[in-house]
Amino acid sequence: MNNNQNKYRDRGNKRREPPYDPAREAQDMLESMIEKHERYKERVGETDIWKNSGYARTSPHDDDWILEDADDEEIGYDDDYIGSNSSYQKWMKETSPSSTADGEANSQWFEPRPDELTFPPNTINYNSVLNAWSRASRYDPYSAIRAEKILLERMERPLSEGGDAVEPDALSYSLVIHAWLRGCRGNTGHGPPPSSYRPRKRNFTDEERIYKAIEIVDRLEAWAREAHAHRMVGNGRSDSNRNSHGDYLEEDDDDDDYSEDDLVDTKQSFSRSSSYTFRQHNKARDLDVEVYNSILVAFSREQGGDHAASVMKLLDRMERIADELDMPSVRPNQRSYNVALDVIAKSAMIANTSLAGYYYKDKKETISKKRPGHHFNPLYAGRAAESILSRMLARDFRPDAYTFASVLNTYQRIPNGKLDAALAADAVVRGMESLHLHGKIDQPPDVFHYTMVCACWSRSGEQGVAGERCSEILRHMQQRDKAGFPRVRPNIRTFNAVIDSHAYNGRVAEAEDMLLSMVDNYESSAARSMDGIEDEELPVRPDSFSFNAVIQQWARTRTPEGGRRAEIILDRMLKFHYAGNADVRPDERSFSYIIYHYTKGAGRMAPDAPDRALKLLRKMIEMYRQGYTELMPSHQNRTNPIFAFTSVIDAHSVLRRNDSGLVGAELLESMTKLGEKLESLRPNTYACLSVLYGWSSCGSIDAGERATELLRKMEAEMKDAASRGEESIMRTTQRCYILAQTAWARSQSENKATGALEVLHMMEKNYAEQNLEARPTVQAYSMVLNACAFADSVEVDGKIVKASPKQQMKAFQIAEVIMSRLSKEPYPNVKSTSMTYGTFIKCCGRLDLPNNIAQESASRAFADCCRTGYVSDFVFTQLRYALPPEKFLNVLAQNGYKNLNSKGKSLSRDGKRIRPVRLDDLPDEWKRCVDRNANRSNR
């Protein structure tokens, strides 16, 4: 049993019916028609096919194909009686087969049998199959290939080269084009196709399908040119129009005359050349603009590239073929232009637009060979949109409001267009007013057109012009509204665009004044309404965007008071909301902009900035719990909601505030509770790093313990996620462990040395469990040495006191263990460096140890440092502090320093002071592995 049979059997090995496929069914029917006709032709004979009486009676050609007899005209038989014509009967009797075994002549020898067909399939039948495959493209990505194969290999290919006895018409090509385009389902090539269908072969991307359809359009146009040439030849009455009997062929009403050479060269069979077939061919002979429109629509839906130049070239192509073939049916219509404008508007956001190549296509040099950006014009998209608008006006189309809106939308989307885009958009609206005044368009500009112009001005960057121009447009709209123009009254979007134009271009105070004026006007109107006085025209009510636009720009100002002004607007927004405007609600941006100002912006250096940011965040959390769910979006958008929490923690940590650890723990708990409902607020590695940073900065006595506790929680969550087969979002990294060690080192706990060592052991264990992001580094070992160096003091009852000798000796022993491990290089490239040598010598100098132990250990560590070539300024400085002057000079001399007395006495008379010895005076052999730039920066 082969694989094709197996796929239609279920688990019980029972036969299942294959799924019904209409396209496959139509294909099978076509093949069956061809087979039945071939069977009939083989039985009857190639020359006797047309003798079938049923076929003759139903032929719309009447008797044009029968040789006329002189007797027929004399007797006067009409066309309906042709079957009883004596000459016809005599001829049929003479040409019929011999008698049968029963001795009777078989008068029905030409009648088809049940498994035979007297006529072959024609173009209509083939088009039906192409239509079936075209519709199947919605679920079968390879049906377009099958349709194209039928067109190219069976219909186009001559009969002498293996093709079928049928020719394509314009509809045939159109169906194949639609087959390619109907398969566009959002496949951009970046991942699997969105549908559930998973073919084994590579699926075509939408862009590839579009260009496959354009290849068929090329063949369609070539066919149209050839057919046009035949019609031009056939329109004249010449000898080439005579038939085989010397008579002229009749011209029908559609001027579809074919010369004798055309009839000889064609591969259509006689049975297919009925008048019905010719009428269908006549109707489908002209190119249709909708075929090209379907390609334009496909370009507008394709999201993977910039197709503006392709759309412009396609419009030029339609114009060219219409003029060449004198075929108005293919000339672009209003739908063509509107779809093209939509494509250009979408492509306007791309900086290096393909339209640059379209407008410089006649240049010998390409733009890429010239200086970068020298010939780049950001208004190419607007230029293309306006050219389409000009074409429509030149061809007496009346562009509607949507057409002009598309042009304005193009200018609004252009990046870095700035002043030029705003001026161009302004000119478009003024031109629209002029066209309507002269009766060339039906609709004047409405509120949407003016609002888009204001939006262009708001992004122009012209501080002295944008706001004033938008205010002028606003007044102009109000004047036209009073004059009676329809749909021109400014709405909230218009006012928001004007507010944004002031705020975005540095005039935040003017934007705030306009906003507060809108609020006062609306509240006054509402108060009069409560008193029974209704205004004729209700003022525009500000919305959330109105407040957020001003809040955002105040928060972005580089002045420290910007945050306080933004808080005032936020308070006014909340007051306006609580006054009965329930839909004017604060969202995440209302708070996050101000929080950013106090934590990352110009207000971060204010002493009370962290407190103000924390107050806003607590208010934000409180309102969310009251039902304001938009304050904490359930998905990550442009601003990840978790950043508001981490930025507040970092603001406390950067200033080394004593409460930074507690603030981090509080907000982490809030994130944990909120994360049970909101996926975007689940604590992740980034949030835990901020909390660890807070504990490492606060210096509290329990900072190390709390940081270690958080590390254990992260490791437990990693194990739980691994048991579920998932990837943990709280994975520990090198920085997590190092921050916990820093928390131990900066705390005043008596267990700081052992705590830092414990964190190192956790790091090593986690790395051994295949967490490659937790690989121990030299810095991790150095942090343990640093904790040991500062183990000389502890906090007791809120006071800093000196640690006991026993505790200090224990810390020193831990430092020796770390140096011993580094000497064995526990991990590749993890060995003693200038940092570890210097920190260990620092331990010998800070800790209260017996002199012989401290000095001998420091001298031994310096000797090892000289041997390995890691003597840096840090090592040299720590050695000077750890040893008395005489011992210091002796250690230098013992390790090979020979320049002690070259400039006089090295020691003072009392033996307490030494002549300065610079790092540059030391032998280069001691410093061979140290970055010289680092030494210079340290000095």
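**Notes on a predicted, mostly helical-by-count model**

1. Strands β1 and β2 make a hairpin with two residues between them, and D797 in that turn has a positive phi of about 55°. The hairpin is antiparallel: β1 covers residues 793-796, β2 covers residues 799-802, and four bridges hold the pairing. Strands count as paired here if DSSP finds at least two bridges between them. V794 sits opposite V801 in β2.

2. A word on ground rules. This is a predicted model, with residues numbered from 1 along each chain as its sequence is written. Local features need pLDDT of at least 70 and side-chain atom pairs count only at pLDDT 80 or more, while totals for chains, interfaces and linings use all residues; side-chain values use heavy atoms, with hydrogens and water left out.

3. On confidence: pLDDT (the predictor's confidence in each residue, from 0 to 100) averages 81 for the protein, and 78% of the residues score at least 70. Over residues 53-85 it is below 50, and that stretch has 31 contacts in the model beyond near neighbours in sequence; a contact means heavy atoms within 4.5 Å. Residues 237-283 also stay under 50, with 79 contacts beyond four places in sequence. Where pLDDT is low, the predicted coordinates should not be read in detail.

4. Overall make-up: 39 helices and two strands, taken as DSSP runs numbered from the N terminus (helices H or I, at least four residues; strands E, at least two). Of the 939 residues, 47% are buried, where buried means under 20% relative accessible area, exposed over 50% and partly exposed in between (1.4 Å probe, protein chains only). Among contacts between residues at least 6 apart in sequence, 71% join residues at least 24 apart.

5. Now the core. The largest nonpolar core has 229 residues, and Y411, F862 and L892 have the most contacts inside it. Such a core is a set of buried Ala, Val, Leu, Ile, Met, Phe, Trp, Tyr and Cys residues joined through side-chain atoms within 4.5 Å. Helix α13 (residues 308-325) gives this core its largest share, ten residues. Beyond four places in sequence, L892 touches F862, F876, Y897, V917, L922 and W926.

6. Two polar residues to click on. K887, in helix α38 (residues 885-894), is partly exposed at 27% relative accessible area. Setting aside residues up to four places away in sequence, K887 touches Q855 and S859; the C-alpha atoms of K887 and S859 are 9.0 Å apart, with their positions 28 residues apart along the chain. S294, in helix α12 (residues 289-301), counts as buried at 14% relative accessibility. Beyond four places in sequence, S294 is in contact with I177, H178 and L181.

7. Aromatics: the structure holds 13 aromatic pairs. Rings of Phe, Tyr and Trp (its six-membered ring) pair if their centres lie within 6.5 Å; planes under 30 degrees apart are stacked, over 60 edge-to-face and the rest tilted. Y767 and Y827 are edge-to-face because their ring centres are 5.8 Å apart and their planes at 80°. Y767 lies in helix α32 (residues 752-768) and Y827 in the loop between α34 (805-823) and α35 (834-846), so the pair ties together parts 60 residues apart in sequence. Y767 is partly exposed at 22% relative accessibility, whereas Y827 is buried at 15%. Ring pairs also link Y358, Y359 and Y380 into a cluster.
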